[in-house]
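Please look at the strands first and at the aromatic rings afterwards, since this report follows that order.

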Amino acid sequence: FTYKYQMYGLILDGDWTVTKLESPEIYDGASTGGAESTWKYLLKDEGQGTNLSLTVEYAIPEQLLQKAQQKIIETMNHKAAVSFMENVKIALEMQNE
């Protein structure tokens, strides 16, 4: 699919591709275009629940580096990823109610 993402006031767009899918444990994807990245989701059964981990590797777009310091961007992206994972947890827990 195609995406649009706002990062530090800059609109980035490109394509998202699923690169690996081994249901139900592994989902990997990659983005190209405005934000080059790889995303690796790993789900592990832990008896009473499931542990979902996310690893993201990305290159900060050059035009974005011109606007902000790299550390600021990395901190903002980390907070966005934590928020995303919290939202996934809430959605999954609500399905089990």
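In this predicted model, strands β3 and β4 form a hairpin in which three residues lie between the two strands. The strands of this hairpin pair in the antiparallel sense, and six bridges hold the pairing. Strand β3 covers residues 26-33, while strand β4 covers residues 37-45.

Strand β4 also has a partner in strand β5, which covers residues 50-58, and these two strands run antiparallel with nine bridges joining them. Within this pairing, L42 stands opposite S53 in β5. The strands β4 and β5 likewise belong to a hairpin, here with four residues between the strands, and in this hairpin G47 takes a positive phi near 80°.

**Aromatic pairs**

A pair of aromatic rings is described by the distance of the centres and the angle of the planes. The model has four aromatic pairs, and two of them are set out in the table, including the pair of W16 and W39.

| Pair | Centre to centre | Angle between the planes | Arrangement |
|---|---|---|---|
| W16 and W39 | 6.0 Å | 75° | edge-to-face |
| Y27 and Y41 | 5.6 Å | 55° | tilted |

Where in the chain do W16 and W39 lie? W16 is in strand β2, which covers residues 10-22, and W39 is in strand β4, so that the pair links distant parts of the chain, 23 residues apart. Together with F1, the residues W16 and W39 form one aromatic cluster.

Is W16 buried or exposed? W16 counts as buried because its relative accessible area is 13%, which lies under the cut-off of 20%. Its ring partner W39 has a relative accessibility of 26% and therefore counts as partly exposed.

The second pair in the table, Y27 and Y41, also links distant parts of the chain, with Y27 in strand β3 and Y41 in strand β4, 14 residues apart. These two residues are connected in another way as well, for Y41 in β4 is the bridge partner of Y27. Y27 is partly exposed because its relative accessible area is 27%, whereas Y41, with a relative accessible area of 13%, is buried.

Read together, these details can be gathered around strand β4, which contains W39 and Y41, and which pairs in the antiparallel sense with β3 and runs antiparallel to β5.

Note on methods:
Residues numbered from 1 in each chain as written. Predicted model: local features only at pLDDT ≥ 70, side-chain atom pairs only at ≥ 80, totals over all residues. Heavy atoms only, no water. Phe/Tyr/Trp six-rings, centres within 6.5 Å; stacked < 30°, edge-to-face > 60°. Buried < 20%, exposed > 50% of the residue type's maximum accessible area, 1.4 Å probe, protein only. Pairing = 2+ DSSP bridges.
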